[in-house]
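Please open the model in your viewer and keep the selection panel at hand. The tour below moves from one selection to the next and says what is found at each stop.

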Amino acid sequence: MPELAQNEVLVRMQAASVNYKDSFYLNGEDGTQLSRATIPLSDGAGEVVAVGPLVRRFAVGDRVVGNFVQDWIYGPIPSHAVDSSTTLGHGIDGVLGEFRAFHEEGLVRLPENLNYEEAATLPCAAVTAWNAVRNVRAWETVLITGTGGVALFALQFANALGAKTIVISSSDEKMARAKDVGASHVVNYKNEPDWHLRARELTGGWGVEHVVDAVGPDTLERSIAATAREGTVHFVGLMNPKRVLNPMLILGGTVNVRGVRVGSRKLFEEMNAFIERRDIHPIIGKRFAFESSRDAFEQQVRGAPFGKIIVDIEGDRQA
């Protein structure tokens with residue numbers, strides 16, 4: 001049981017979720033090396049069960065979720081946090097435990113329409129997607145690569161903003177699911193390897209105003225080629241980071257390429273208000289018991305399902 005500092009909040013964790021990035025920690029010498037044994041997972045939600053005497057933002061009984069970078073409150077990511085030294089599950093212990101103490105500034109309230117499982121999916125994938133698409137306009141088209149966690153949130157948010165959406169995938173089954181979620185068009189990149197041309201065809205030759213590239217350098221060149229002049233590629237993908245990009249593609253297409261690295265607590269709170277107002281519910285793919293957390297990690301490494309992987313820490317306490 002953690003001991004509370006005066007400005008800390010004790011949370012009984014109810015649920016956590018697994019992200020693609022978590023597979024890096026399981027990759028041995030080829031993966032992300034941590035300086036010490038670390039409690040895993042950055043994304044988790046729970047109930048406040050105690051507060052320190054100086055805490056003003058929360059009270060016992062509040063439903064809360066941790067902020068991905070604990071001390072990133074607003075604006076650009078702080079320079080001292082760029083190395084993930086204050087990121088849950090990386091520089092500091094994560095949320096895969098029955099109780100965790102948080103500084104009160106490192107928490108946000110759950111959207112009223114979500115339960116603990118749903119809220120546990122938000123800190124990394126959802127905030128990243130919101131950071132990418134929050135300024136999308138209803139008359140624009142958003143191209144989304146893949147059907148992972150960030151991609152599905154981007155699809156849900158873009159739909160709620162009224163935009164048209166194009167989802168690129170290699171799985172007919174996942175494309176059918178994406179259509180059910182609201183994708184305007186789906187393209188199988190195995191059948192249509194020049195999917196950037198198909199995206200332009202679907203937009204009358206103009207190109208899409210936004211791309212959420214949730215894959216990585218392997219798709220980035222085509223993402224740029226699919227984008228309209230002065231459009232934006234929001235680059236969040238982590239796969240195959242060693243590939244080299246020809247920068248002349250950006251210049252020739254007059255395309256903006258923007259790196260998106262999760263977001264601040266302010267963006268998180270803004271997103272939660274939008275989720276609540278539009279009654280958006282995260283898509284959950286598989287659930288695992290707390291005692292089966294290893295199985296949840298193995299599922300992520302084998303291949304994520306359509307929707308987020310959840311670990312139920314206190315399954316009988318779901319709101």
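Begin by selecting helix 4 (residues 172-181), which lies across strand 7 (164-169) and strand 8 and runs at about 170 degrees to strand 8. Lying across here rests on contact, meaning heavy atoms within 4.5 Å; helices (H or I, at least four residues) and strands (E, at least two) are DSSP runs, numbered from the N terminus. Axes are lines fitted to C-alpha atoms, for helices over the stretch in contact, and angles run from 0 to 180 degrees between N-to-C directions.

A word on the source: this is a predicted model, in which local features need pLDDT of at least 70 and side-chain atom pairs count only at pLDDT 80 or more, while totals for chains, interfaces and linings use all residues. Residues are numbered from 1 along each chain as its sequence is written, and side-chain values use heavy atoms, with hydrogens and water left out.

Next, add helix 5 (residues 195-202), which lies across strand 6 (141-145), strand 7, strand 8 and strand 10, and which runs at about 160 degrees to strand 8.

Now show the sheet beneath this selection as a cartoon. What is the order of the strands in the open sheet of six? The order is 8-7-6-9-10-11, with parallel pairing, where two strands pair if DSSP finds at least two bridges between them. Strand 8 (185-188) and strand 11 (256-259) are the edge strands, each pairing on one side only, and the twist from one strand to the next averages 20 degrees. Within this sheet, select strand 9 (residues 208-213) and strand 10 (residues 227-235), which run parallel and are joined by five bridges; Val208 has Thr227 in strand 10 as its bridge partner.

Return to helix 5 and add helix 6 (residues 217-226): the two pack at an angle of about 20 degrees, with their axes 8 Å apart. Helix 5 and helix 6 are therefore roughly parallel to each other, since angles under 35 degrees count as roughly parallel, over 145 as roughly antiparallel, 65 to 115 as roughly perpendicular and the rest as oblique. Their crossing is right-handed, which is to say that the near helix is turned clockwise from the far one by less than a right angle (anticlockwise would be left-handed). Show side chains here, and Trp195, His196, Ala199 and Arg200 of helix 5 will be seen to meet Thr219, Arg222, Ser223, Ala225 and Ala226 of helix 6. The residues of this contact divide into four nonpolar, three polar and two charged, with Ala, Val, Leu, Ile, Met, Phe, Trp, Tyr, Cys and Pro counted as nonpolar, Asp, Glu, Lys and Arg as charged, and the others, Gly among them, as polar.

For another helix pair, select helix 2 (residues 122-133) and helix 3 (residues 149-160), whose axes come within 8 Å and cross at roughly 50 degrees, which makes helix 2 oblique to helix 3. The contact includes Leu122, Trp130 and Val133 of helix 2 and Phe153 and Phe157 of helix 3; its residues divide into 11 nonpolar, two polar and no charged.

Then move to strand 1 (residues 8-18) and strand 2 (residues 43-51), which pair in the antiparallel sense over eight bridges, Val9 having Val51 as its partner in strand 2. Strand 2 also pairs with strand 3 (residues 63-66), again antiparallel, over three bridges, and there Ala45 is partnered by Val65.

Finally, zoom out to the whole chain, which holds nine helices and 13 strands.
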